[in-house]
Amino acid sequence: MDETTQKIKAFIVEEFMPDVPVEDLDDDFDLLTGGVVDSLGLLKVVAWLEDEFDIGVDDSELGPDSFRTVAAIKAYVDQARETAHAE
Amino acid sequence: MALTAPTGEWTDEQKSLRKSLSQHFEALNAGHLEDDAANRFNRDKWQLIRDSGVIRIPFAEQWGGLGHDVLTLVYVLENLGYGCRDTGLLFALATQVVSAAIPLQKFGSDDLKDRYLSRLIDGEIISAHAISEPNAGSDATAMITTATEDGDEYILDGKKIWITSGPLADIITVYAKTGTAGGAAGITAFLVPTDTSGFHVGEPIEKLGLNTCPFCELEFRDCRVPKENMLGKPGAGFFILEHVMNYEILCIFMMMVGEMEERMERCIKWAKTRQAFGASIGSNQYVAGKIVDMKIGLENSRKHLYDTARRFNRGRSVTTEISMAKLITSEANVASALSAIQIFGARGYTREYGLEKGLRDAIGAPIYSGTNETQRVRIASMLGL
């Protein structure tokens, strides 16, 4: 597991799934349909991503799929870093 | 007196823009108590707002905007709040800026912008947004109005309530559930002209304050909207709504800071001249203390709003900051309005002085834009509670 994915999983588990071991959280588990992350949770994830990875979150690009799974969040972080690097 | 400049960071252009609104204050205030008593939206004053160019401030020049950022916008609006006593009109203005034009500029297609954006920021067409429902207020994700995909269209069905400027609006941003996804993931935003078949606008709702800005209910029955009227992606409505609410709070509550400053100045003037027991009432520490608290409340509000606006301007998340700024300002404004009435005594209790209207207008603020209770829940959640 790469470092970014590890950090994302640790955050999700700590904030939203305190009874679940990190290793049990699958990269493709649907956090939204599964009821793990609600509307306030989404805002919390956005704020954490900004702080943790020092990335700006462009809300014109945001949709629910950006935060549906750990894998999607990781892809979003990678994309944001690439954009920041290109600028 | 003149409104206090918050810091020395402003350019001459920003200062000039802010000052330019002062020429309209007298006309904007003419007859505002009568308009309030008659629950009347004044079209002549709307024309003044249009002529002032204030709606154009945060929009791109290619659409007729002035190309400024949100920080400039709130800096200018603070002065408008200071000089204009028609709070309902200012509420309609903020709604015009944030409800359709802001999300259209950021999330809309070029085709949609071509059709509506220039006319929205001119004020030629009036806009509103439809979020709350009879059983879903500050908890917007509990909405049950649906948008069902059907070929090249979405079909809207449901009811909305507390629609600011609803009876006036030509176009409304409607937030509705799409698909089966629950919570935040299932909300999509659509720009809907009010003459669309199946779109029903209710009668104005009588309320305590903000009487020059009408509210109403809306109902959608088999209301068909072309897919191209969608803002952003399917399911992105929650993020659009967050963006819009950040703008809304910054605009409305910065005007409130201006209002608080003007009210405090009136109280200082009155406290210096009104005599009781052989001295000015301002020399009475109980009265002076109320005015000191008014000053602390307005400066606290100003600081939080400008700090939040700067952070928002840099594209950073303001979830906690915006809730704190909204809470602090709305509660400070109610306290300020109550203190002003008390300081003016029986005169403050009359309609003639306009201070009772200030209180009636202020009481809505802890409720709209997400109740203060909900804002506290948001802050608690961000703290991990």
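# Notebook: contacts between and within the chains

**Entry 1. Chain B against chain A.** I looked up the interface between the two chains and found 23 residues of chain B in contact with 23 residues of chain A. I note at the outset that this is a predicted model. The area that chain B and chain A bury between them is about 1,800 Å², and carbon and sulfur atoms account for 62% of it. I then asked which three residues of chain B supply the most of the area it buries against chain A. They are B:Phe239, B:Arg316 and B:Met382, which give 31% of that area on the side of chain B.

**Entry 2. Charged and polar pairs between the chains.** I searched the interface of chain B and chain A for salt bridges and obtained three. I examined the pair B:Arg311 and A:Glu50, a salt bridge whose closest N and O atoms lie 3.9 Å apart. For polar contacts between chain B and chain A, I recorded three residue pairs, both residues of each at pLDDT 80 or more. I next looked up the elements of chain B that supply at least two residues each to the side touching chain A, and these are α6, α8 (237-273) and α13 (372-382). By class, I list that side of chain B as nine nonpolar, eight polar and six charged residues.

**Entry 3. Chain A alone.** I counted three helices and zero strands in chain A. Along the sequence, I read the pattern of chain A as α-α-α. The radius of gyration of chain A is 12 Å, close to the 12 Å from the globule rule for 87 residues, so I describe chain A as being as compact as a globular protein of that length. I also noted the span of its C-alpha trace along the principal axes, about 40 × 25 × 20 Å.

**Entry 4. Domains of chain B.** I consulted the domain assignment of chain B, which gives domain 1 (12-122), domain 2 (127-237) and domain 3 (239-382). I then turned to domains 1 and 3 of chain B, whose centres, taken over C-alpha atoms, are separated by 21 Å. Their contact takes 28 residues from domain 1 of chain B and 29 residues from domain 3 of chain B. I recorded a buried area of about 2,600 Å² between these two domains, with 71% given by carbon and sulfur atoms. Within domain 1 of chain B, the residues that lose the most area to domain 3 are B:Val70, B:Glu78 and B:Tyr82, together 23% of what that side buries.

**Entry 5. What joins domains 1 and 3.** I found three salt bridges across the interface of domain 1 and domain 3 of chain B. One I inspected pairs B:Glu262 with B:Arg85, at 3.7 Å between the closest N and O atoms. I counted eight residue pairs in polar contact between these domains, both residues at pLDDT 80 or more. On the side of domain 1 of chain B that touches domain 3, the elements giving two or more residues are α3 (32-37), α5 (70-83) and α6 (87-107). Of these, α6(B) gives the most, with 10 residues. I divided the residues of that side into 18 nonpolar, three polar and seven charged.

**Entry 6. Salt bridges overall.** My search of the whole structure returned 39 salt bridges over all chains. I looked at the one between B:Asp86 and B:Lys45, at 4.0 Å from N to O. Why does this pair tie together parts that are 41 residues apart in sequence? B:Asp86 lies in the loop between α5 and α6 of chain B, and B:Lys45 lies in helix α4 (residues 43-52) of chain B, so the pair links parts with that separation.

Methods:
Residues numbered from 1 in each chain as written. Chains lettered and ligands numbered in written order. Predicted model: local features only at pLDDT ≥ 70, side-chain atom pairs only at ≥ 80, totals over all residues. Heavy atoms only, no water. Domains from an automatic or database assignment. Contact = heavy atoms within 4.5 Å. Buried area = accessible area lost by both parts, 1.4 Å probe. Salt bridge = Lys/Arg side-chain N within 4 Å of Asp/Glu carboxyl O. Polar contact = N/O pair within 3.5 Å; in protein donor to acceptor, adjacent residues only side chain to side chain. Helix = DSSP H or I, 4+ residues; strand = E, 2+ residues; numbered from the N terminus. Nonpolar A, V, L, I, M, F, W, Y, C, P; charged D, E, K, R; others polar. Rg over C-alpha atoms; globule rule 2.2 N^0.38 Å.
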